[in-house]
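Q: Could you take me on a close look at one helix and the way its neighbours pack against it? I would be glad of some wider context on the chain as well.

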Amino acid sequence: MKPASGIAARIHAMWQDKGPASTALLPLAWITGLVVRARRRRARSRPAPRSTLPTVVVGNLVVGGTGKTPVVIAVAHRLRALGWTPGIVSRGYGVSLGPAPRTGQGALDAAEFGDEPALIARATGAPIAVHPQRSLAREALARQFPAVDVVISDDGLQHLALSRDVEIVVQDARGVGNGRLLPAGPLREPASKLDEVAFIVENGGPRAAGGHASPQTSGAAYGRPTTASKSEAGGPERIGMRLEPTRAEQLGSGATLGWSDWVARHRDRPMAAVAAIGQPQRFFDTLLEAGLRLRTTVALPDHDAYEKPPFGSLPEEIIAITAKDAVKCGRFADPRVWVVHVEANFSDPSWLDRLSERLAQAAAQRH
């Protein structure tokens, strides 16, 4: 098996301690700190206009994927079940956008909306608006989809021009790394920001009691175990999360098998895995810990457009990809390619009900 390595992996490893390479970059991190403080002062002096729609931001402090997208999907599903009509705003990373936001719903083209918004739209059915200025995206969402009564921002924690009522931070086993700002560490803003948010979701924390996936078939499920617990009164609430495979879908035919059945069927067949996500090794670990014969791994850059697909050069009988990759790979007819779908399993699922209560209070204050 080829290891998932590269410059990004080495940088993330460097950011886990305060070694010589990180320390040499401290002067640049101080500049990052000055910029962050200036942005915060500007935001305090000129607060972002408050929307009529209560808004929750799902973001992270560190660069690289932490598992935000499954949290956004879980939030959207639960809010809808509780009577809300959620809409999603996102930056639309990697997409060429003009001055106006782009809106849509359903099976959206990843080339027009971005891979993560396209995945979220397909998974939730919620309307989507994308634009680097998320406040403009929210306005467009309200105009085009007037039934929307709550907005979920996919990322945007540091986008202070977007007013918000609730903030959720998603972390993984890296935590805050060495605690330093970019580029000496992985942080986009100081770790003290964690004291200000409402919820901290820890990807790799304990699963809910009675969780549906067994250790044999779920493994680390995209995350390593970390400690998750409720905070002291007044602080953020901490929730453990596991991203657990639920089913596998053949990319070309749409044929679907439950995860345990798919693993049992393909356990002894040579397999390759391809991932263009922030932390591809999590995906590879999930397959390995399920007992699959993962012989080759291909870690592509996050958000890769698959203009040069690697499938043709892989000799394995089965190729596994993530759902985020699948929204960009529909044009490929290779029957070996299977999409592994995951769902968020929370140590305390009732946190989503408490999130709804906070949003309802915010909505009530507007009337």
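A: Happily; here is a walk around helix H4 and its partners, followed by the chain as a whole and a few other spots. Please keep in mind that this is a predicted model.

Let us start with the helix itself. Helix H4 covers residues 68–81, and two of its packing partners are helix H6, residues 115–124, and helix H12, residues 351–365. In general, a packed pair of helices is described by the distance between the axes and by the angle between them.

Take H6 to begin with. Its axis and that of H4 come within 10 Å, with a crossing of roughly 30°. An angle under 35 degrees counts as roughly parallel, and H4 and H6 are therefore roughly parallel to each other. The crossing of this pair is right-handed. On the H4 side, the contact is made by Thr 69, Val 72, Ile 73, Ala 76, His 77 and Arg 80. H6 answers with Glu 116, Leu 119, Ile 120, Ala 123 and Thr 124. Sorted by class, the contact between H4 and H6 has six nonpolar, three polar and two charged residues.

Now for H12. The axes of H4 and H12 also come within 10 Å, but here they cross at roughly 70°. Angles from 65 to 115 degrees count as roughly perpendicular, so that is how H4 and H12 lie to each other. This crossing, too, is right-handed. Val 71, Ala 74, Val 75, Arg 78 and Leu 79 are the H4 residues in the contact. From H12 come Trp 351, Leu 352, Asp 353, Leu 355, Ser 356 and Leu 359. By class, the contact of H4 with H12 has eight nonpolar residues, one polar and two charged.

If you look at the spacing of the residue numbers on H4, a general point helps. An α-helix has 3.6 residues a turn, so residues three or four places apart point the same way. With that in mind, you can compare Val 72, Ile 73 and Ala 76, among the H4 residues that touch H6, with Val 71, Ala 74 and Val 75, among those that touch H12.

Stepping back, the protein chain has 12 helices and 13 strands. Its radius of gyration is 20 Å, close to the 21 Å that the globule rule gives for 367 residues, so the chain is as compact as a globular protein of that length. Along the principal axes, the C-alpha atoms fill a box of roughly 60 × 55 × 45 Å. Some 53% of the 367 residues count as buried. Among contacts between residues at least 6 apart in sequence, 74% join residues at least 24 apart.

Another helix worth a glance is H7, residues 134–144, whose buried residues are Arg 134, Ser 135, Ala 137, Arg 138, Ala 140 and Leu 141. Their cover includes strands E1, E2, E3, E4 and E5.

Two glycines round off the tour. Gly 185 sits in the loop between strands E6 and E7 and, at 0% relative accessibility, counts as buried. Beyond its neighbours within four places in sequence, Gly 185 is in contact with Trp 15, Asn 178 and Arg 180. Gly 235, in the loop between helix H8 and strand E8, counts as partly exposed at 35% relative accessibility. Gly 235 and Ala 198 are 37 residues apart in sequence, yet 7.4 Å separates their C-alpha atoms.

Technical notes: Residues are numbered from 1 along each chain as its sequence is written. This is a predicted model: local features need pLDDT of at least 70, side-chain atom pairs count only at pLDDT 80 or more; totals for chains, interfaces and linings use all residues. Side-chain values use heavy atoms; hydrogens and water are left out. Axes are lines fitted to C-alpha atoms, for helices over the stretch in contact, and angles run from 0 to 180 degrees between N-to-C directions. Helices (H or I, at least four residues) and strands (E, at least two) are DSSP runs, numbered from the N terminus. Angles under 35 degrees count as roughly parallel, over 145 as roughly antiparallel, 65 to 115 as roughly perpendicular and the rest as oblique. A crossing is left-handed if the near helix is turned anticlockwise from the far one by less than a right angle, and right-handed if clockwise. Contact means heavy atoms within 4.5 Å. Ala, Val, Leu, Ile, Met, Phe, Trp, Tyr, Cys and Pro count as nonpolar, Asp, Glu, Lys and Arg as charged, and the others, Gly among them, as polar. The radius of gyration is taken over C-alpha atoms; the globule rule is 2.2 Å times the number of residues to the power 0.38. Buried means under 20% relative accessible area, exposed over 50%, partly exposed in between (1.4 Å probe, protein chains only).
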